[in-house]
Every structure is written in structure tokens, then in C-alpha cells.
Amino acid sequence: MNIFDKIAHHYDSPKQLALANIITTEIHKKLGNVTEATLLDYGCGTGLIGLEIAAGFKEILFVDPSEEMIRIVDQKIEQTKRTNATTLVGSFPKENTFELTADVIVVSLVLLHVPDTIGLLTSLYQTLNHGGRILVVDFDRNEKISHDKVHNGFVQVELRKQFEEVGFRSVTSETFYQGANLFMNQDASIFILSAEK
């Protein structure tokens, strides 16, 4: 059982819900018209982001390596009677991309947990339909944080270069929120990165 299986059932804390609300508000600003689009919420956790933005999409797929997180997403899909949503347990770099495709990919507070950033970005690029868009939300680099399993955030200019190396174009990013005790009990700022294929 991984750490996310263990924390799944108490993940939706008031703090997480408040942060998810701030993130979904920002994602909504970047989405535009998605009526006929398919959405992939990669590293979806308990679906806090994807379920909030799912309404406009034709189809939405939730993918997470934690079975327990996906179980909670399944319960939420059932409770909300959402008919355009499906789930999948798995992760890309290790198991390829399951031959999935999507018009929009959302990756929220996931990259910091991924040791091979380029590997994941390459898989996500392959999954994205031509003309599609990826939205990544994560923490700005924070030197006060040191953990052997988690990146201490990202320098936006370096991350944008990685996206471009993989093949993404129109790569832009901006910090949109700062808060207390957001990241490993440290004050932190969050950015959103947008790119196209």
C-alpha cells in the first residue's frame, strides 16, 4: 500500500478543499470552450479538481496510481450521477499511456511527486491530441523544503524549457496564489503552466 492509499480516506480535509477551490477557479479561467473535448485528470487524487471542472466536457477520465484514491473518485461519480466520467488505476512513465488520448490534460500538484519529470511529460505529450492543451499546477521552488521523495517545487523558466524540449509549444506560466503552510508546512506559492501540442 502506498502513502496515497493510506491518506485517501482523510485527504478531503477543509484545507485541501479550500486549495482545490482556488486551483479550479484558476483552471476555469484557462479552459475556454470544452463542449466537445475530452479531459484527462492525471494524478487525480480524490477527484477534487477534475470533478469540479467536468461539467463542460464530453468525457473525462480520472487516472491515479492509488487504488484507494480511485475508489473515492468512483464513489463521487456515483453520488453525483456523472455519466461522462470513467476511472483508471495506473501511472504513465512506468506503464506507458494505455493508448489513451485527450484534448485537455490537467496535472494538479502531481509533478512534485514524479522523480522523472521528462519521462512523464513525454508520456503526456503522446497522450494529448494534436491541438490539445495541458494545464499543470504546482509549487514554485522552495529552498526551505528538502524531502527525498518530493521535488521542492519548480523554477518556472526551467520547467517551461523541459516542456519545449518534449515538443510542447505556446508554453506560458504564472504564479497565481501564495499562502501559509501550503507545502510541507511551509509558506508557498503556486503557479499554473499552460502548453499546447
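**From a helix start to the core and loops**

Glu-67 counts as partly exposed because its relative accessibility is 49%, and the partly exposed class runs from 20% to 50%. The model in which this residue sits is a predicted one. Glu-67 belongs to helix α4, which covers residues 67-80. Gln-16 is 51 residues away from Glu-67 in sequence, and the C-alpha atoms of the two are 19 Å apart in space.

Helix α4 is one part of a chain that contains seven helices and seven strands. Read from the N terminus, the order of the elements is α-α-β-α-β-α-β-α-β-α-β-α-β-β. The chain is as compact as a globular protein of its length, because its radius of gyration of 16 Å is close to the 16 Å that the globule rule gives for 197 residues. The C-alpha trace spans about 45 × 40 × 30 Å along its principal axes. Of the contacts with a separation of 6 or more, 69% join residues that are 24 or more positions apart.

The next topic is the division between inside and surface. Of the 197 residues in the chain, 51% are buried. The accessible surface comes to about 9,900 Å², and carbon and sulfur atoms account for 48% of that area. As for charge, the chain carries 18 positive and 26 negative side chains, and the centres of these two sets are 3 Å apart.

Nonpolar side chains in soluble globular proteins tend to be buried together. In this chain, the largest nonpolar core has 62 residues. Which residues have the most contacts inside that core? They are Ile-27, Tyr-42, Ile-134 and Phe-163. Two of these names meet directly, as Ile-134 touches Phe-163. Leaving aside residues up to four places away in sequence, the other residues that Ile-134 touches are Ile-105, Val-107, Leu-124, Leu-128, Phe-168, Leu-193, Ser-194 and Ala-195.

Thr-117 is found in helix α6, residues 117-127. Is Thr-117 buried or exposed? Thr-117 counts as buried because its relative accessibility is 7%, and the cut-off for buried is under 20%. Beyond residues up to four places away in sequence, Thr-117 touches Leu-111, His-151, Phe-154, Leu-159 and Gln-162.

Phe-154 is also touched by Arg-141. Arg-141 lies in the loop that runs between β5 (128-139) and α7 (156-166). With a relative accessibility of 36%, Arg-141 counts as partly exposed. Where the chain comes back to this residue, the C-alpha atoms of Arg-141 and Gly-153 are separated by 3.8 Å, although the two are twelve residues apart along the chain. Arg-141 touches Gly-153 as well, and its contacts also include Asn-152, Val-155 and Glu-158.

Two asparagines remain, and their backbone angles deserve a look. Phi of Asn-181 is near 55°, a positive value in a residue other than glycine. Asn-181 lies in strand β6, residues 169-183, and counts as partly exposed because its relative accessible area is 39%. Asn-185 also has a positive phi, of about 60°, although it is not a glycine. Asn-185 is found in the loop between β6 and β7, the latter covering residues 186-196. With a relative accessible area of 62%, Asn-185 is exposed, because the exposed class begins over 50%.

Technical notes. Residues are numbered from 1 along each chain as its sequence is written. This is a predicted model: local features need pLDDT of at least 70, side-chain atom pairs count only at pLDDT 80 or more; totals for chains, interfaces and linings use all residues. Side-chain values use heavy atoms; hydrogens and water are left out. Helices (H or I, at least four residues) and strands (E, at least two) are DSSP runs, numbered from the N terminus. The radius of gyration is taken over C-alpha atoms; the globule rule is 2.2 Å times the number of residues to the power 0.38. Buried means under 20% relative accessible area, exposed over 50%, partly exposed in between (1.4 Å probe, protein chains only). Contact means heavy atoms within 4.5 Å. Accessible areas come from the Shrake-Rupley method with a 1.4 Å probe; for residues, only the protein chains shown count as cover. Lys and Arg count as positive and Asp and Glu as negative; His and the chain ends are not counted. The place of a charge is taken as NZ of Lys, CZ of Arg, CG of Asp or CD of Glu. A nonpolar core is a set of buried Ala, Val, Leu, Ile, Met, Phe, Trp, Tyr and Cys residues joined through side-chain atoms within 4.5 Å.
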